[in-house]
Amino acid sequence: MDRYPPIADHGLVGDLQTVALVSAKGVLDWFAAPRVDSPSIFAALLDHDRGGHFRIGPEAQDVTHRQLYYPDTAVLVTRFMSPEGVGELIDWMPPNPSTAPTDRHTVVRAIRVVRGTVTFTLDCRPRFDYGRAAHELRLDDGHAAFHAPGIACHLRTTFPVERAGDDVTGTVTLNAGETAGAVLTVCAADGAAPPPMNEEQITEGLWDTVNFWQDWVRTANYRGRWPDMVRRSAITLKLLTYAPTGAPIAAATMGLPEQVGGERNWDYRFTWVRDASLSVRALLDLGFAEEAGAYTRWLGERLHERLELPGERLQIMYRVDGDPELTEEVLEHFEGYRGSYPVRAGNAAMDQLQLDIYGEAMYALAEGREVGVQTGYRSWQAMARMLDWLADNWDRPDEGIWETRGGRQDFTYSRVMTWVAFDRGIRLAEEFSRPADIARWRVTRDAVLGQIMTKGWSEKEQALVQHYDGHVLDASLLLVPRVGLLAPRDPAWLSTLDAMDRKLVSDSLVYRYDPAASPDGLRGSEGTFSLCTFLHVDALARAGRLRQARYAFEKMLTYANHVGLFAEEIGPSGEQLGNFPQAFTHLSLIMAATTLDSALDERRGS
C-alpha cells in the first residue's frame, strides 16, 4: 500500500481551468488537461504502474516531508528536511481567469535549497488518455516533448535531463541559496513549444501568482473566528470553478473510493446543479458576487436550453461547458486506488430523476437577486416555465440527493426542495412584479408542505425521515431550517435533530444515512459525510445549541488535511475518503462558519 499515498496527503494547484494534485513527497500524481474533465495525463493515484506521474524530490532516504500553502494563495510548498540539507519544491499554475477556454496549461515546479546541500531527482512519466494512448518522446537540450494523439506535453528544465525509454529523468545538486526549475506545458498536438525559461523568469512568475491569489482573497468580507479555514475553503472553491463559464465542479478527481477496496468510486469532475447552487449563498456570504453571478448565469442558460423541449427542465449534472453528455465507462486497465475497482470515467447518474434540483436552482436564483442576474424578463420566463412544469410533476418517486441505484422512492428531501422551489418562485414573482400563476404555485407549495409533514413524518422516530415508506433518518434534511421549511426551533424540527443525534452522529461526525437499513443498490459501506457534519453544525447553531455546535465545528476542523483541505468523507480511523478535495464540503464549511459566527455574536450582544 506504500505505492499509494493517503488521499489526504496532497495539495491542490490550478489555473482556473484545470487542476493538479501534488503529494507531500513531491509527486504530481493527478492531472487532467486541457480541461478538468479531460482524460488524465498523470493518474498514478488511480494506478501506480499505468497512470503516470511527475516526481521531483531528494535522493536521500532519511527525509522528513512537510507541505504548506504560501499564505492565502494556491502556491504549494513541499519541504524536504534531512541532516544534509533542507530543500523546497514550489508548485503552481499561472492563473488564467479569462472567459475564453484554452488548450494551453502550465505547471511550474521550482526547487531551491535553504540549508546545506540537496540532490533532487526528476522523473517525468506522462500517460495520456487515462494511460491508454502511447506517446513519442523528442528530447533536445533542456526540452523534452511528449507527443500523443491530439495532445502534446512540453517539459523545459534549467538542468539536464536524459531519456528513460519514452520518459525522462534527471538530477541536480543544489547548495544553500541555489535554485532550479522545471516547467511543464500542455497544449494541442500542433501547438508551439514554449520558449525556454530561466530562473529569474520563474521567480517573477511565482510572485505574479502569489499576488493574484492574495489580491483575490483580500476582497472577502469575512471577519469571523476562523479566517484561515474560511479563506482556504474560498480559494479551493475558486480552484474548482471553470473560469470560462463560472461552473464549479464537485471535486478535482475521479475514482477515489468511499471505502478502500469498494465499488463506490465515481467521477466528480462535473457540475451538479445541487452542489453549485448551494455554493451561491456561501460565495455571497464572503462577498464574492462576481463568482455567484457567473454561476447563476450559467444555470439560466441551462434552463433556456430546455425552454421549448419536452421532459425534464434540468439535468442533475453537466460538463463545465454545459454539455449534458457524461457517458460512463469503466477503465478496466486501471486497478484503482489501493485496489478500489472499478474506476469510472463519466457518470451514469446524469440520467437520474432527482426532483430536489429544482429547489436548489430556485434557491440559487433567489439568493442571486443580490447580484441582479435573475430579474430580466428572459430569465424569469425560463424560471416560470420550470415551475409550471414542476407543478405537474413534483409528486413522483425519484432517486434522491444521494443518487442511489436501488430504485426510486418518495424521498422527503426531494419534497422539501420542491417546497423551496415554489416558495422562492412566489417571492420573486411578487418582489419583481413578474407574470406568474402565483395562485397555482401557492396551492402546490402548501400541498407539498402538508404531504411532507404527514407522509414524511415518522411517529416511531418522532422525526422527518428519508422517504415515505420507512423510518430511516437522512442527514440531507439538516438543510430544513436553512431553507425555511421549518423554523430552527420548531418542536418538530428539534425532535428531528434529536433523532439524528441518536442515529446518525458519531463523535460529532455525521453519516448520510444507514445503507443497511435503507439499501442503496451498492455493496459495501462508507464513512461519515463531511458535508453533513458541517450542515449539522449549521442546524445546531440555528437551534441555539451553541456549545455543541462550536465543539463539533472545532473537532471537524481537526480532520482537515495538513494544508486545510477536505475530501468527501471521514473513515473509521479519521482518514479522508472519496474524491478530493470536495467542493460540497468546503462550501458547507463556509456556511457553518458564518452561521455559527452570527449566532455567537448575537449571544455575546444579548
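Visitor: Hi! Buried means under 20% relative accessible area. With that in mind, is D167 buried or exposed?

Guide: Happy to help! This is a predicted model. D167 has a relative accessible area of 5%, which is under 20%, so D167 counts as buried.

Visitor: Which residue forms a salt bridge with D167?

Guide: That partner is R127, and the closest N and O atoms of the pair are 2.9 Å apart. The two come from distant parts of the chain, 40 residues apart. R127 sits in the loop between β9 (105–125) and α1 (128–131), while D167 belongs to strand β14 (residues 167–175).

Visitor: And how does R127 count by relative accessibility?

Guide: R127 counts as partly exposed, because its relative accessibility is 22%. The bridge therefore pairs a partly exposed arginine with a buried aspartate.

Visitor: How many salt bridges does the count come to?

Guide: The count is 50 salt bridges.

Visitor: Okay, pick one between helices. What does D423 pair with?

Guide: D423 forms a salt bridge with R445, with 3.6 Å between the closest N and O atoms. This pair also links distant parts of the chain: D423 is in helix α8 (residues 412–432) and R445 is in helix α9, 22 residues apart.

Visitor: Are D423 and R445 buried or exposed?

Guide: Both D423 and R445 are buried.

Visitor: What about E554 and R550, where are they?

Guide: They lie in helix α13 (residues 546–557), and because they are four residues apart, about one helical turn separates them. Their side chains meet in a salt bridge of 3.8 Å, N to O. E554 counts as partly exposed at 31% relative accessibility, and R550 is partly exposed too, with a relative accessible area of 34%.

Visitor: Which residues do salt bridges with shared partners join into one network?

Guide: That network holds D423, R424, R427, R445 and D446.

Visitor: Switching to helix packing. At what angle do α7 and α9 cross?

Guide: The axes of α7 (residues 377–393) and α9 (residues 438–455) cross at roughly 45 degrees and come within 10 Å. The two helices are therefore oblique to each other, and their crossing is left-handed.

Visitor: Which residues meet there?

Guide: On the α7 side you have W380, A384, L387, D388, A391 and D392, and they meet R440, W441 and T444 of α9. The residues of this contact are five nonpolar, one polar and three charged.

Visitor: What residues does G425 touch?

Guide: Leaving out residues up to four places away in sequence, G425 touches M362, W380, L387 and W441. G425 itself is found in helix α8, and it counts as buried because its relative accessibility is 0%.

Visitor: How many residues apart are G425 and R442?

Guide: They are 17 residues apart in sequence, with 9.5 Å from C-alpha to C-alpha.

Visitor: Last topic: how do the axes of α13 and α14 cross?

Guide: They cross at roughly 145 degrees and come within 11 Å, α14 being residues 583–605. The crossing of α13 and α14 is left-handed. From α13 the contact takes in L546, A549, R550, F553 and L557. From α14 it takes in L589, A592, A593, L596, A599, L600 and R603.

Visitor: And how do those residues divide into nonpolar, polar and charged?

Guide: The contact of α13 with α14 has 10 nonpolar, no polar and two charged residues. R550 appears in that contact as well as in the salt bridge with E554.

Notes. Residues are numbered from 1 along each chain as its sequence is written. This is a predicted model: local features need pLDDT of at least 70, side-chain atom pairs count only at pLDDT 80 or more; totals for chains, interfaces and linings use all residues. Side-chain values use heavy atoms; hydrogens and water are left out. Axes are lines fitted to C-alpha atoms, for helices over the stretch in contact, and angles run from 0 to 180 degrees between N-to-C directions. Angles under 35 degrees count as roughly parallel, over 145 as roughly antiparallel, 65 to 115 as roughly perpendicular and the rest as oblique. A crossing is left-handed if the near helix is turned anticlockwise from the far one by less than a right angle, and right-handed if clockwise. Contact means heavy atoms within 4.5 Å. Ala, Val, Leu, Ile, Met, Phe, Trp, Tyr, Cys and Pro count as nonpolar, Asp, Glu, Lys and Arg as charged, and the others, Gly among them, as polar. A salt bridge is a side-chain nitrogen of Lys or Arg within 4 Å of a carboxyl oxygen of Asp or Glu. Buried means under 20% relative accessible area, exposed over 50%, partly exposed in between (1.4 Å probe, protein chains only).
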